[in-house]
Amino acid sequence: MYDFAYHRPKSLADAATVLKGKDEARPMAGGMTLIPTLKQRLARPTDVVDLGGVKELAGIKVEGSNLVIGAMTKHVTVATSADVKRMIPALADLAGMIGDPAVRNRGTIGGSVANSDPAADYPAAVLGLNATITTNTGKHAADSFFKGLFETALGEGELITSISFPKPDKAAYMKFRNPASRYAMVGVFVAKTGNTVRVAVTGAGPAAFRVKAMEDALAKNFTSEAIKDIKIPADGLNSDIHGSAEYRAHLVGVMARRAVDAANK
Amino acid sequence: MTISVAMTVNGKPVSGKVEARTLLVQFLREHLGMTGTHVGCDTSQCGACVVHVDGTSVKSCTMLAVQAEGAKVTTIEGLAASADKLHPMQEAFRDNHALQCGFCTPGMVMSAIDMVKRHNYQLDETTVRHELEGNLCRCTGYHNIVKAILAAAPAMKAAGV
Ligand SMILES: Cc1cc2nc3c(=O)[nH]c(=O)nc-3n(C[C@H](O)[C@H](O)[C@H](O)COP(=O)(O)OP(=O)(O)OC[C@H]3O[C@@H](n4cnc5c(N)ncnc54)[C@H](O)[C@@H]3O)c2cc1C
Ligand code: FES
Ligand code: FES
């Protein structure tokens, strides 16, 4: 790891100021992706801005029918929160499936969403639940947030402050884990709110994406039967030592059907 | 960038000068000479480096020493009450032959203690196997580790630790 200057601001305003003044400054949440990246010398920031001391970024609030989760809220907190379990149990389930206990004790929702790892779990929930990402400079709709491989709509020095999830009528997340890393080979988040259904996929493509054909079919008939003949094209999907694009395309169908069944339980 | 850090390790206040990039595990092993905490990978996956920071398990290879400023850190060296009295989890690992080469053991024991406490001393085999996902063992095949943890849970409760 190359050395860097370390900053531990106490407020969001101070964090933004430090980030703004430097060319190659990176925010750090739990460091669960950033530190491994630095160890491999895949990044060389001049400055690391630790958000761990910014108290206003952590915590879960219920605002009407929305669950608002602060960027620095750890996976373990989301997985065990009574508010999350009551409002959106599928989200608590998802958080409990991330990595392992030590990773969940440090990793945060903001870090995961900002990172847009193709195999990360939270992006599926953000997209599937039509969440809104609030930053220190504005708001982003889920549909225009995940741009591609490790690429989001966040601007230079822009910090996620919280993510707001509207409560669905029904939802479920199904994940086929990579048995070694425990990241998603394919994960599908299905949510039904009124007559609208959203189906969001992670792990399969360069970034999380929705499957319109399944959404339309499920809006008419919310059963796994309704999507059993929908095939996902393998073109452009991820292909690596863990599985081919065709294998992942097939898994999307399987995980989507299981998610619909789980949501209906 | 050189920074002063101070924290409590196994109940004793410690301090030192580190670089910003110094990992907590390097601080423990190289600055404090406490080599009980191991490093088994460089991808944050093996769990050999697990210690407790303010009571929860963390991978000390994926945390900067400066992030532990002011924290209470417990390592494998801090578990036994005395030289001839092991922690119930260590005792259970010995009784159940839950280690072979022993490389993964410090992390296994630290993760296991955290697991038992989080589940309020009540565990079943499936839960233990699930919870061990972040700790890799190349020798034992895990069976005896699972047995040891199941045996240690009531022993920890009885001992009040
Ligand atoms: C062994 C292991 C297994 C894992 N398994 C899974 C898994 O199964 N599923 C899964 O989804 N994830 C998995 N992860 C990743 C984990 O979920 C972390 O949450 C994720 O790596 C982000 O880490 P972090 O929150 O600590 O952020 P950091 O590593 O601190 O930051 C990640 C990136 O986001 C930026 N950032 C952080 N916070 C903000 C913010 N508020 N605003 C803007 N940018 C920000 C940072 O600059 C950095 O680029 C795993 C990680 C490990 C080490
Ligand atoms: S050394 Fe920390 S996880 Fe492997
Ligand atoms: S006992 Fe050898 S790695 Fe676990």
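Me: What makes the pair formed by a nitrogen atom of ligand 1 and the side chain of A:Asp121 a polar contact?
Reply: In this predicted model, a nitrogen atom of ligand 1 is 2.7 Å from an N or O atom in the side chain of A:Asp121. The cut-off is 3.5 Å, so the pair counts as a polar contact.

Me: Which backbone atoms lie at such distances from ligand 1?
Reply: Two examples. A:Met32 has a backbone N or O atom 2.9 Å from an oxygen atom of ligand 1. For A:Ile160, a backbone N or O atom lies 2.8 Å from a nitrogen atom of the ligand. Both values fall within 3.5 Å, so both pairs are polar contacts.

Me: How much of ligand 1 does the protein cover?
Reply: On its own, ligand 1 has 980 Å² of accessible area. The protein covers 96% of that.

Me: How many residues surround ligand 1, and which are the closest?
Reply: The shell holds 33 residues. A:Pro27, A:Ala29, A:Thr33, A:His75 and A:Thr108 are the closest. By class, 15 are nonpolar, 13 polar and 5 charged.

Me: Which element gives the most to the shell?
Reply: H7(A), with 4 residues. This helix spans 109-115 of chain A. Strand E2 (25-28) of chain A also supplies at least two residues.

Me: Why is ligand 1 said to lie between domain 1 and domain 2 of chain A?
Reply: Because both give residues to its shell. Domain 1 covers 5-50 and domain 2 covers 57-264.

Me: Between which chains does ligand 1 lie?
Reply: Between chains A and B.

Key: Residues numbered from 1 in each chain as written. Chains lettered and ligands numbered in written order. Predicted model: local features only at pLDDT ≥ 70, side-chain atom pairs only at ≥ 80, totals over all residues. Heavy atoms only, no water. Near = heavy atom within 4 Å. Polar contact = N/O pair within 3.5 Å; in protein donor to acceptor, adjacent residues only side chain to side chain. Areas by Shrake-Rupley, 256 points an atom, 1.4 Å probe, with all protein chains shown as cover. Nonpolar A, V, L, I, M, F, W, Y, C, P; charged D, E, K, R; others polar. Domains from an automatic or database assignment.
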